[in-house]
Amino acid sequence: MDSVRSPEWPAAPLGGVAANSAAARYGMSPGTGPIVGRAGPPPTPPPTAPPPYRPSSAVGSVPPPAGKPAAPPIPVKILVAGGFGVGKTTTVGAISEIAPLTTEAEMTSAGIGVDDPGARSTKTTTTVAMDFGCVTIDRSLKLYLFGTPGQTRFGFMWDDLARGALGALVVVDSARLDDCFPAIDFFERAGLPFVVGVNAFDGRLALELGEIRWALAIGDHVPLVQFDARDRLSVRDALLVVLDRALDRATRDRRA
């Protein structure tokens with residue numbers, strides 16, 4: 001399974017919170033006040049005019065009974081992990097519907113020879129604790145995303161961040177595969193369902209997906225997908241693969 005089809009979200013330009021607002025995402029226009037000077041009541045819309053799309057009409061959601069408040073969405077914790085400078089912070093920021101919490105610190109000369117973001121990177125900061133963001137899938141499901149620091153010296157934090165998570169997206173740079181081995185080894189030992197997402201820097205990969213799977217020595221049961229960490233829809237599709245993997249694991253565990 002290398003891809004997941006999901007309801008299309010209207011594309012919105014990148015730009016932080018405003019670009020990820022409900023109005024930008026679902027095409028809702030802000031309310032307007034009464035028009036001054038109108039002689040009569042406002043005309044009623046034509047009966048054939050379709051109502052605007054709203055998340056509550058998502059496939060699979062069940063409206064609450066009349067007079068009963070809607071149940072809050074189920075929280076799902078997902079980790080976004082990987083090596084240093086592969087795009088974890090960008091991934092969380094691209095999809096989060098709130099201003100993402102980041103713990104970025106300026107890189108200094110002390111990190112020369114220790115933190116290598118790669119020759120193609122213009123990265124000047126590094127995550128020293130974690131990234132956090134969230135996105136509502138539909139009425140019943142909300143993802144809470146925790147981005148891990150990529151350097152090995154912050155590995156002691158991974159156990160705490162992984163506690164309660166249902167799955168993980170391991171972000172990989174196809175030109176620097178060595179950097180992702182610690183993350184893959186961690187989730188294999190922890191038994192946590194994970195998906196390998198190859199970040200397409202500049203829109204292309206250094207290796208084919210089949211070659212990457214062979215180099216990482218991961219089995220066919222581990223989904224391997226290509227995505228763009230800067231694009232919200234591309235990140236969404238990668239996270240839906242993680243959800244599908246976690247659901248498959250939960251279903252098999254229940255049957256066992």
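1. A good place to start in this predicted model is Leu 216. Setting aside neighbours within four places in sequence, Leu 216 is in contact with Leu 177, Cys 180, Phe 181, Ile 184 and Val 196.

2. Leu 216 also stands out in the largest nonpolar core, which has 26 residues. Along with Leu 79, Val 170, Ile 184, Phe 187, Phe 194 and Val 196, Leu 216 touches the most other members of that core. Two or more residues each are given to this core by strand E1 (74-82), helix H3 (158-162), strand E6 (167-173), H4, E7 and H5. H4 supplies the largest share, four residues.

3. There is a second core to look at while you are here. This other core lies apart and has 24 residues, including Leu 141, Leu 145, Val 225 and Ala 229.

4. Back to helix H5, residues 209-216: which of its residues are buried? They are Ile 212, Arg 213 and Leu 216. Viewed down the axis of H5, the buried residues fall within an arc of 100 degrees, so they line one face of the helix. I would point out Arg 213 to readers, as a buried arginine in this group.

5. The other side of H5 carries Gly 210 and Trp 214, both exposed. A figure could show this side together with the buried one.

6. As for what the buried residues of H5 pack against, the partners are helix H4 (181-190), strand E7 (194-199) and strand E8 (224-227).

7. One last backbone detail, just after H5: Ala 217 takes a positive phi of about 55 degrees.

Notes. Residues numbered from 1 in each chain as written. Predicted model: local features only at pLDDT ≥ 70, side-chain atom pairs only at ≥ 80, totals over all residues. Heavy atoms only, no water. Buried < 20%, exposed > 50% of the residue type's maximum accessible area, 1.4 Å probe, protein only. Arc of directions from axis to C-beta. Contact = heavy atoms within 4.5 Å. Core = buried A, V, L, I, M, F, W, Y, C linked by side-chain atoms within 4.5 Å.
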